[in-house]
Structures are given as C-alpha cells and as structure tokens.
Amino acid sequence: SALSSRTQYKEQAGKLRLTDSMERQHKATASAVGDVWCHLTKANHPGPNLLSLAKSREVSVSDVKFARLLDNANPVRRLRDEFLYPSMQCVGVEGGSSDAKCIYLCGNSLGLQPKQTRTLVMEELDKWAETGLLWHYNQKIRPWIAIEKTLKAEMARMVGGEPIEVSVMNTLSVNLHVGMVAFYRPTQERYKVLIESKSFPSDYYAVQSQLQMHGFDPDEGIITVEPRENEHTLRTEDIVSVINTHGHSIALVLFSGVQYYTGQLFDLHAITAAAHSQGCKVGFDLAHAVGNVPLKLHDWGVDFACWCSYKYVNAGPGSIGGLFVHERHATDFSIPRMEGWWGHELKTRFEMANTRQLLPGADGFQCSTPPVLLTVSLLASLNIFSKTSMDELRATSVVLTGYLELLLQLIYSKKDHGDITDINQPYVDIITPSDINQRGAQLSLVFSVPLRDVHTELSKQGVVVDMREPNVLRVAPVPLYNSFEDVHTFVTLLGKAFEKSTETAESVR
C-alpha cells in the first residue's frame, strides 16, 4: 500500500541519515586523530608536544586515557596484529592467565615472533618431507637453490643499500670477520683499529683476533674512544677528533650503529666521512640499528656493514645475519675474502670445475649454503616491514620512546629540595641521549635502588626487559608491536617494583 511504501521510505531515509551521520563522525574523528599525529611528529623532540596535546584534551599526560588517544592516532598500530605475544602465564607470572599478554619491551634483545613464521617454516618442512632433494630446483615457490634471493630487495631497502650491495648470510660475528678479512688490510705504518670503548664484547674479540692473525699486538693496535668525564655517551666531535689525530695509523674504523649498552645512535655519516678523509676503511656493526632506525649505507659510502636479524628484525633467536659491501667494491675481485662455493656464479656452481667465478657485490662474499628454515623465518618478518617504511616506523618510534622518557622524567626523576636530595624516593637516571637524533627505540635506565631487585619485581609482574652489567636496565618500545598503553603500564608497574625493592632493602637493614 501507499502507506506501507511511505513507512518503508521513511525507515530507509532514517537509516541513510544515520549512516551519513556515522560516516561524518568517523571522518571527523579520523581527521582529528591525523591532526594529533602530525602535531607530534613535526617537533624535534616530542616531549613538549605531548604535554601540549594532553593539556588541549584536558587529560593528564600520565593518564591511561592519554596513552589510548596516542594509540588511536598511531598509523602503524595495524601491524601489531601481525605478531604473537607471550602470555603472563608463559613468562612465569604466578597465577598469570594464558590469555593476558605480558608487557614485552625487549625487542632490543629478541624481537617477537611474526604469526607467519610458523606457516613459512612448516611449508619448507613439508617440501623437504614430500620431495626431498627435488625442491632445490623446483621453480614454483622459493626454490632452495636461490632461497636467499627472496630476501634481497627488502633487506636492501631496510639498510639503504642497492640489492647488489646486500647479502643475507652467516651470523653477525662471522660476518664481522668476513668484512675484516676483506677490508682490514694493515701495513706496518697503518695497522690500528678504532672502536668505541665498551664495544660489544664479541666485536672486541673479533678485532683482537684479527690483529693477532696479522701479527700485531692488540694492546697497541686497538684505539678506543672514551666518553668525557662524568658523561655516559660519546660526542661526535670527539670521535672525529680521534680519527683526525690518529688517522695516519688507522687501517679500519669499526663502530656500532647503536651502542648496545647506552642506546646511543652514532652519526654514521660523519664518522664515515671523517675516516675516508684520512684514508681509513669503515665498517659498522648494525645489530641494534637495523630495523630500528633509517639507514643510508649506500649514500653514506660505508665500505662494509653487518647485522643480526633477531632483534628489531624479528627473525628468531640466532637467525641468519646480513652483510653490506658498497657497490664501488662490487667487481673488485682482488679484494681478499674467505671463499666458498655459494659466492660463485650459480650458472657454473654445479659444474665442479674448480674455476674461480665470483658473483659481483656482496653475494661474492658468501661461503656456504644458506639455512632454509632461518631464511624463511626472516622472510616472515620482512613481509611485515614491506607493509610500511623505516621512515614511518621511525616517526612512531620517536613519539613512543619520547612518551616513555617523559613519563619517567615526570614521575621518577630525582627529587631535589634545595641542597637536599630525598633519599627515600627512588629515582631513575636515563643515560641514553635525550636528542632524538642520537638514539633509537631503546632507553637505558640506571636506578637509585638495586637493579636486580627492580628487575626481579618487574618480572614477577609480567614485564619483560633486560639487564646489562654493571647497572643498566634496557627498555625498548618497538613501534611494530608495542603500544603507548604498554609504555604506560610499564611505568605504572615500575612504581610497584620500586615499592617492593625498597621494602626489601628496608628488611635487609
């Protein structure tokens, strides 16, 4: 009937108006969220902008509602669903639920597992079970004979290199030796290696052994750059000054990209330029930099670099590493190297003729067959990185770590009353540079109460962070899978850990 038709029309019109209203509201919300993020990422340091934003929204910066506001604004929050999170039960929380996620802020040591990892590894196990050797040559999906090529383009994009400059191979310390065999070519006049003081022990051992293999005394051949008195980190001008002073005797400058203990991000471009101006070769250990900060190895002219893939790159414990060799060295086959058959041309590799035909670029430094299961573990993570960019991740990381820094400073900084410090109030010192251009995701914290007590109490509450001797707690909110609410929860639980550790200290007295 006409009445029925009019009624249906009104109902449909009402639904349309409601839908339009919801869509306008959604667009307005999305626009406001976008404005929030633009506001935060334009500043040289996010702290003042975070305070300003909280004030404009009439919410305390330390309120969990503010953390959730930031999470809603975060453009890479969609990638959190790509990962598996350890449960409170699995990390040993007493009475912890198998459904509740722990607070995992330890990506600087071992990244979380991508959901796709198990699928890809099982696919390779199935290939092995069903075809045996035959999948080496199967051209359908990831033939084993060229499995490393599936990683090359994305890995090169991550480190700012050309595909010919990057090879996925070996593990980090092995690749350090691969790089030094090629680029540490000492003479009697120029044989020294410059490293940072407190370099990662494996790096120091590698340098020490290379000097010894060439007949030099490590005590004379290793030059270290030390922080200034009462400072924790190195100044770029001091690094450059040492290079300029001793450059005539330095064969290799070998630095980390991000210092593992302090979390300091070094100016790799400035170090490379200074070293090359003195005729030194330059290599970098990027274990804590790759997947953490944008890199431009090709543009900076770095001779070689190497990295692991189990920290910010999330490829799993002990997974396959990577090597960068600059394109200008690509066809210089006179460069000494540790050779193996995987560094030889594929088209003649299986002719078994013992005729030297090296691949150009970083691939020519390969020795052995790549481990297939570790290779696809890395592929699972690189598939996630391919959905974003290092610049986008870095923008989130700067705000995420800035938020952590701000809360720690507001709540747990040393409370001074004139010339008197409140010794009953535990406090935190952050030894990582506050300058966002000198740090990645990690903040290194020193406490006024015993570190082990704090770490133990945090662990009991389901917080996963790591200690490094002698007295640092490393906390790294990773933009791929950590949220602002994770940071807020950590800071809250840190207060409870302080209370417990203080009670423990009082009972010991």
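This passage walks through a predicted model, with attention to its charged residues, its largest pocket and a few unusual points along the backbone.

A good place to begin is Glu165, found in the loop that runs between helix H5 (149-159) and strand E2 (166-168). Glu165 is buried, yet it has no salt bridge. The nearest side chain of opposite charge belongs to Arg328, 6.9 Å away; because a salt bridge requires the nitrogen and the carboxyl oxygen to lie within 4 Å, this pair does not qualify. Glu165 does have a polar partner, though: its side chain makes a polar contact of 2.7 Å with the side chain of His298. Setting aside neighbours within four places in sequence, the residues in contact with Glu165 include His298, Leu323, Phe324 and Val325, and also His326, Glu327 and Ala362.

Elsewhere, charged side chains do meet. Side chains of opposite charge can pair when their charged atoms come close. Over the whole structure, 18 salt bridges are found. One of them joins Lys127 to Glu124, with the closest N and O atoms 2.8 Å apart. These two residues sit three places apart in helix H4 (residues 116-131), so about one helical turn separates them. Both Lys127 and Glu124 are buried.

Helix H15 (residues 451-460) offers a pair with similar spacing: Glu457 and Lys460 are three residues apart there, about one turn of the helix. Their side chains meet in a salt bridge with an N to O distance of 3.5 Å. The surroundings of the two partners can be read from their relative accessible areas: Glu457 is buried at 12%, whereas Lys460 is exposed at 52%.

A further salt bridge links Arg468 and Asp466, whose closest N and O atoms are 3.9 Å apart. Here Arg468 is partly exposed, with 29% relative accessibility, while Asp466 is buried, with a relative accessible area of 8%. Salt bridges can also share partners, and in this way Glu123, Glu124, Lys127 and Arg142 are joined into one network.

Turning to open space in the model, the largest pocket has a volume of about 400 Å³. Its lining is made up of 20 residues, and the closest to the pocket centre are Leu265, Phe266, Arg394, Asn437 and Gln438. The elements that each give two or more residues to this lining are helix H9 (236-246), helix H10 (268-277) and helix H14 (390-412).

The loops hold some details of their own. Thr331 lies in the loop between strand E8 (322-325) and helix H12 (346-349), and is exposed, with 60% relative accessibility. Although Thr331 and Pro360 are 29 residues apart along the chain, their C-alpha atoms are separated by 5.3 Å.

Backbone geometry is the last topic. Most residues other than glycine have a negative phi, and most peptide bonds are trans. Asn230 has a positive phi of about 65 degrees; its place is in the loop between strand E4 (222-225) and H9, where Asn230 is exposed at 74% relative accessibility. Asn354 also has a positive phi, near 55 degrees. Asn354 lies in the loop between H12 and helix H13 (372-385) and is exposed, at 82% relative accessibility. Finally, the peptide bond from Glu469 to Pro470 is cis, with omega near 10 degrees, and Pro470 is in the loop between strand E14 (466-468) and strand E15 (472-475).

How values were computed: Residues are numbered from 1 along each chain as its sequence is written. This is a predicted model: local features need pLDDT of at least 70, side-chain atom pairs count only at pLDDT 80 or more; totals for chains, interfaces and linings use all residues. Side-chain values use heavy atoms; hydrogens and water are left out. Helices (H or I, at least four residues) and strands (E, at least two) are DSSP runs, numbered from the N terminus. Buried means under 20% relative accessible area, exposed over 50%, partly exposed in between (1.4 Å probe, protein chains only). Lys and Arg count as positive and Asp and Glu as negative; His and the chain ends are not counted. A polar contact is a pair of N or O atoms within 3.5 Å; within protein, one must be able to donate a hydrogen and the other to accept it, and residues adjacent in sequence count only if both atoms are side-chain atoms. Contact means heavy atoms within 4.5 Å. On a 1 Å grid over the protein atoms alone, a cavity is a set of points where a 1.4 Å probe fits but cannot get out, and a pocket is an open set with protein on both sides within 12 Å along at least five of seven lines; lining residues have an atom within 4 Å of a point. Grid points are joined across faces, edges and corners, and a volume is the space filled by probe spheres set on the points.
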